[in-house]
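Student: I should like to learn how to read a structure of this kind. Could we go through it together, one feature at a time?

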Protein chains: 2
Amino acid sequence: MTTLPIRPAVAGLSGERFRVVYHLLGDRAEARRKAEDIIIEQTIEFPADLAPEGDIRDHIVGRIERLRRLKTGRWEAVISYSSECAGPDLAQFLNVIFGNISIKPGIRLMALDLPPALLANFKGPRFGRAGLRQQLNVHGRPLMCSALKPMGLDSAALADMAYRFALGGLDLIKDDHGLANQPFAPFHERVQRCAEAVARANQRTGLNCLYLPNITAPADKIVEYARFARQHGAGGLLLCPGITGFDAMRLLADDDSIALPIMSHPSFYGSMVTDSRSGFSHYAFYGQLQRLAGADMSVYPNFGGRFAFSVDECRSIVAGTEVDMGPVRPCFPAPGGGMTMEKVPLMNAVYGTEVVYLVGGGLHRHSADLTANVRYFMDLIQPQP
Amino acid sequence: MTTLPIRPAVAGLSGERFRVVYHLLGDRAEARRKAEDIIIEQTIEFPADLAPEGDIRDHIVGRIERLRRLKTGRWEAVISYSSECAGPDLAQFLNVIFGNISIKPGIRLMALDLPPALLANFKGPRFGRAGLRQQLNVHGRPLMCSALKPMGLDSAALADMAYRFALGGLDLIKDDHGLANQPFAPFHERVQRCAEAVARANQRTGLNCLYLPNITAPADKIVEYARFARQHGAGGLLLCPGITGFDAMRLLADDDSIALPIMSHPSFYGSMVTDSRSGFSHYAFYGQLQRLAGADMSVYPNFGGRFAFSVDECRSIVAGTEVDMGPVRPCFPAPGGGMTMEKVPLMNAVYGTEVVYLVGGGLHRHSADLTANVRYFMDLIQPQP
């Protein structure tokens, strides 16, 4: 029943700390227990009374900076951690902010508050909002994107669709995230054909529509796929970090030999957000985390579409994509689905011009002429005078 | 209002399908809507009435094989997909079984039912239960593992702890999953020292205790770290696929130049399971998926510990680690925490001998002599005559 026989000083501690805001369920005593649990579980994961005295107890263990009851009945805990516990890489940062406690019910990560020295570890989006607009040379209006689908079409058919889309003036054309390396439209063939088709359309329109192939692939192929895409004229990349891990996106964003805008797709990761009692807030997950991991565009389901996100949740995502994070650039919110003429005024109110709209099925339904349909939707989203 | 102008035949379809069992919330009509939603959302993600007729509607769209009400009031939907939609890699497989629908409430993935040809795409655990026992030369009793911690100790202190553990006869010693590449115990230094310490203890005991460093690291470092660990005497690897992505684990398992047993840790991924209305069942997530991704041991919180897993949920994990999956070997369930003398009889009943027990704080609390404490716990888990 003693402490460890070893009591080293902890090397390398700068004293700098970062803060994470959690919401906790329960009464006062339960919230206090949860907060005390977090500071241990996310750091030393060791009985507090047995931990070595000194630096480990004083600096490595997390610190409860604030615990207060909110009007909703939930508790807000602000917890700080030594930056060195989470450093120096994104993988370990994720582990500290929401590792073991991700398994405990009634703890939801709401927001990150990171000091400049920690933010300096993250390059964030290579382009961000301003950089992507510069690539496209489009200003003062929302950006418009659609997806090549359905799964099962061959590369020629997908390239034909890409050509029609680009001719109509779309800003961005992505693979549907379900297009991988299936026999009916293998990755390398598809990328070459679609990139070529979009380039051909751009020559006719004088625009710079970007084609974003899906490079969600085996772990040892992602970078290779991205480089192939770049070499063959792709204008950006689509990635599902729920499948590849967030750090694979960070790696692509940081790689100077790739240097393409990245659209992050939420496939597989839905459960990280949908239970309001645990996981991450929309703000943190679709906003802040995506930026730390290098996304230039963060896809999520728009309100009123096939999914269950509320207008307020979508507003909070917008806030997370643009809150000041020092050198980490703002990214575009990219709400998908649910675009109808009736909803355009509300969408304008929620998103303004700093948004990438994903339009899918509706674009095919409007008429048999895909190019005309794109023009129709492009007109729809022009800012009203 | 027409179908697509293009109607290609779909190349490469074998006709083989695999099945996924989902539980759905809602009344009969709602369950039907959800099932119909899944078969579209996970495949063509395109309005069904606009999808090209022929192969795409007939084979690419998922198929509702069964929909029935359970005694719990939930609905069980068995949905089949063409193997080629999900192939040929794990990343795309994850995308098809639980991509967009992960964002929709009231859909929980319960189980996978995969045909031999699809299973042949996955090598699964390199060692599995039998292979790991062979490595250790331990048979007929549970395996025992503990973790090097707390975070903040330097490499020398961690190595000293590893030595004491190994001398006591532990089968496996892992880094705590919070040990990354922090300045106080940098990865390369820590691995060398701890592996050397365990080797030294093995020389004294004649046993083959394995040291498993945590290689949850930046995406471009994971394989390099694993090879370094192998070269410097590590006997296995610890990885958090919630952070690295499942396919990073698959890559390590498949790599002949690494060839070490892998322990999968659930950090960051808790929300994929904890909300019983969505995400994955314990059976599928901690059992089947881990095996497809190459885990030889699947860590999760034991019942009665600091987390909220029930005895039944733990039993279902055991089932998922050993259900017949053709060539994909069974892996060890590795329940963590909550080990007390009083609970040993129930743990024996739930787990039998085919289990890796993780014991943490309790091992430090028992007395000041870590080696004696290990011996005490090793005696505790011997099968009772």
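**Symmetry, interface and a helix pair**

Tutor: In this predicted model, a turn of 180 degrees with a shift of 0.0 Å along the axis lays chain A on chain B with an RMSD of 0.0 Å. The two chains are therefore related by a two-fold axis.

Student: What share of the contact residues of chain A recur in chain B?

Tutor: The figure is 100%, so the same surface serves both copies.

Student: Which residue of chain A comes closest to the rotation axis?

Tutor: That residue is A:Gly245, whose C-alpha lies at 2.1 Å from the axis.

Student: How many residues does the contact take from each chain?

Tutor: Chain A gives 95 residues and chain B gives 95 residues. About 8,000 Å² is buried between chain A and chain B, and carbon and sulfur atoms give 63% of that area. Of the area that chain A buries against chain B, 10% is supplied by A:Ile103, A:Phe268 and A:Arg365, more than by any other three residues.

Student: Within chain A, at what angle do helix α8 and helix α9 pack?

Tutor: Angles under 35 degrees count as roughly parallel. Helix α8 (residues 187–205) and helix α9 (residues 222–231) of chain A pack at about 25 degrees, their axes 9 Å apart, and α8(A) is therefore roughly parallel to α9(A). Their crossing is right-handed.

Student: Which residues meet there?

Tutor: From α8(A), A:Phe187, A:His188, A:Val191 and A:Gln192 meet A:Tyr225, A:Phe228 and A:Ala229 of α9(A). By class, this contact of α8(A) with α9(A) has five nonpolar and two polar residues, with no charged ones.

Definitions and conventions: Residues are numbered from 1 along each chain as its sequence is written. Chains are lettered from A and ligands numbered from 1 in the order in which they are written. This is a predicted model: local features need pLDDT of at least 70, side-chain atom pairs count only at pLDDT 80 or more; totals for chains, interfaces and linings use all residues. Side-chain values use heavy atoms; hydrogens and water are left out. Copies are superposed by least squares on the C-alpha atoms of residues with pLDDT of at least 70 in both. Contact means heavy atoms within 4.5 Å. Axes are lines fitted to C-alpha atoms, for helices over the stretch in contact, and angles run from 0 to 180 degrees between N-to-C directions. Helices (H or I, at least four residues) and strands (E, at least two) are DSSP runs, numbered from the N terminus. Angles under 35 degrees count as roughly parallel, over 145 as roughly antiparallel, 65 to 115 as roughly perpendicular and the rest as oblique. A crossing is left-handed if the near helix is turned anticlockwise from the far one by less than a right angle, and right-handed if clockwise. Ala, Val, Leu, Ile, Met, Phe, Trp, Tyr, Cys and Pro count as nonpolar, Asp, Glu, Lys and Arg as charged, and the others, Gly among them, as polar. Buried area is the accessible area (1.4 Å probe) that two parts lose on being put together, summed over both.
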